[in-house]
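The following exercises concern a single protein model. Each task is followed by a solution that proceeds step by step.

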Amino acid sequence: RKEKIVLFLGRVTIQKGPEYFVEAARKVLDHHPAVKFIVAGSGDMLPRIIHRAAELGMAEKMLFAGFLKGNDVHKAFQMADLYVMPSVSEPFGLVALESIKNGTPVIISKTSGVAEVLDHALKVDFWDVNHLANQIISVLRYSELHQELKENCIREGASFNLDEPARKCIQVY
């Protein structure tokens, strides 16, 4: 495949930050045009995000896949070169864990709960679309970085489960 794939998967709502994904995508395409961006999910912001992508001239570079479930979620992660989760507010972020369990490197917002437990993820301020775009470009352009993130996230994902965090919560209560 000639084009790299960057994925946003989740509810298309203000909480998940899809507008930051779209704005960063435009900046990425200005420097790295061989990229397709996929938005998989549904939500109240979807029409606005579609309209904004069209305004930015990305109609051919941004695919809106709709809501995915079951095996289609795993297929989406496995075909993506990178998963981006620019959440404004994210108590945890299980989707990032699903991504690494499928061997797909992640860029996550610093404000997500999962940022506290993932060591092998790139972390950004959700509102800093320039930094987000730079991180995306770096992962796509530098195969060594991509491979290092992929190998480490696979290792980290294999050892992570929710049993230990659940045990700690029960202990607190």
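**Exercise 1. Classify Asp44 as buried or exposed, and describe its surroundings.**

Step 1. Asp44 is exposed, having a relative accessible area of 64%. The classes are defined with a 1.4 Å probe and protein chains only: buried is under 20% relative accessible area, exposed is over 50%, and partly exposed lies in between.

Step 2. The model is predicted, so that local features need pLDDT of at least 70 and side-chain atom pairs count only at pLDDT 80 or more, while totals for chains, interfaces and linings use all residues. Residues are numbered from 1 along each chain as its sequence is written, and side-chain values use heavy atoms, with hydrogens and water left out.

Step 3. Asp44 belongs to the loop between S2 and H2. Helices (H or I, at least four residues) and strands (E, at least two) are DSSP runs numbered from the N terminus.

Step 4. When neighbours within four places in sequence are set aside, Asp44 is in contact with Val12 and Thr13; contact means heavy atoms within 4.5 Å. Arg11 is 33 residues from Asp44 along the chain, and the two C-alpha atoms are separated by 8.6 Å.

**Exercise 2. Carry out the corresponding analysis for Ala115: is this residue buried or exposed?**

Step 1. Ala115 is buried, with a relative accessible area of 12%. Its place is in the loop between S5 and S6.

Step 2. Apart from neighbours within four places in sequence, the contacts of Ala115 are Ile108, Ser109, Lys110 and Lys123.

Step 3. Glu90 lies 25 residues from Ala115 in sequence, and the C-alpha to C-alpha separation is 9.8 Å.

**Exercise 3. Determine the strand order of the sheet and the way in which its strands pair.**

Step 1. The sheet is open and has six strands in the order S3-S2-S1-S4-S5-S6, with parallel pairing. Two strands count as paired if DSSP finds at least two bridges between them.

Step 2. Strand S3 (62-66) and S6 are the edge strands, each pairing on one side only. From one strand to the next, the twist averages 20 degrees.

Step 3. S1 and S2 run parallel and are joined by six bridges; Leu9 stands opposite Ala40 in S2. Four bridges link S2 and S3, also in the parallel sense, and Ile38 has Leu63 of S3 as its bridge partner.

Step 4. Five of the six residues of S1 are buried. In S2, likewise, five of six residues are buried.

**Exercise 4. Describe how the helices pack on the sheet and on one another.**

Step 1. H1 lies across S1, S2, S3 and S4, and runs at about 170 degrees to S2. Axes are lines fitted to C-alpha atoms, for helices over the stretch in contact, and angles run from 0 to 180 degrees between N-to-C directions.

Step 2. H5 packs on the sheet by touching S1, S2, S4, strand S5 (106-109) and S6, and its direction makes about 165 degrees with that of S6.

Step 3. The axes of H1 and H2 come within 10 Å and cross at roughly 10 degrees. The two helices are therefore roughly parallel to each other; the cut-offs are under 35 degrees for roughly parallel, over 145 for roughly antiparallel, 65 to 115 for roughly perpendicular, and oblique for the rest. Pro18, Glu19, Val22 and Glu23 of H1 meet Ile49, Arg52 and Ala53 of H2.

Step 4. H5 and helix H6 (residues 143-159) pack at about 95 degrees with axes 5 Å apart, and are therefore roughly perpendicular to each other. Ser138, Val139 and Arg141 of H5 make this contact with Ser143, Leu145, His146 and Leu149 of H6.

**Exercise 5. Identify which residues touch the most other members of the largest nonpolar core.**

Step 1. A nonpolar core is a set of buried Ala, Val, Leu, Ile, Met, Phe, Trp, Tyr and Cys residues joined through side-chain atoms within 4.5 Å.

Step 2. The largest such core has 34 residues, of which Phe37, Met62 and Ile136 touch the most other members. Elements that each supply at least two residues include strand S1 (4-9), helix H1 (18-31) and helix H5 (129-141). A second, separate core of 22 residues includes Ala40, Phe77, Ile100 and Ala121.

Step 3. Beyond neighbours within four places in sequence, Ile136 is in contact with Val6, Ala24, Val28, Leu82, Val84 and Ile107.
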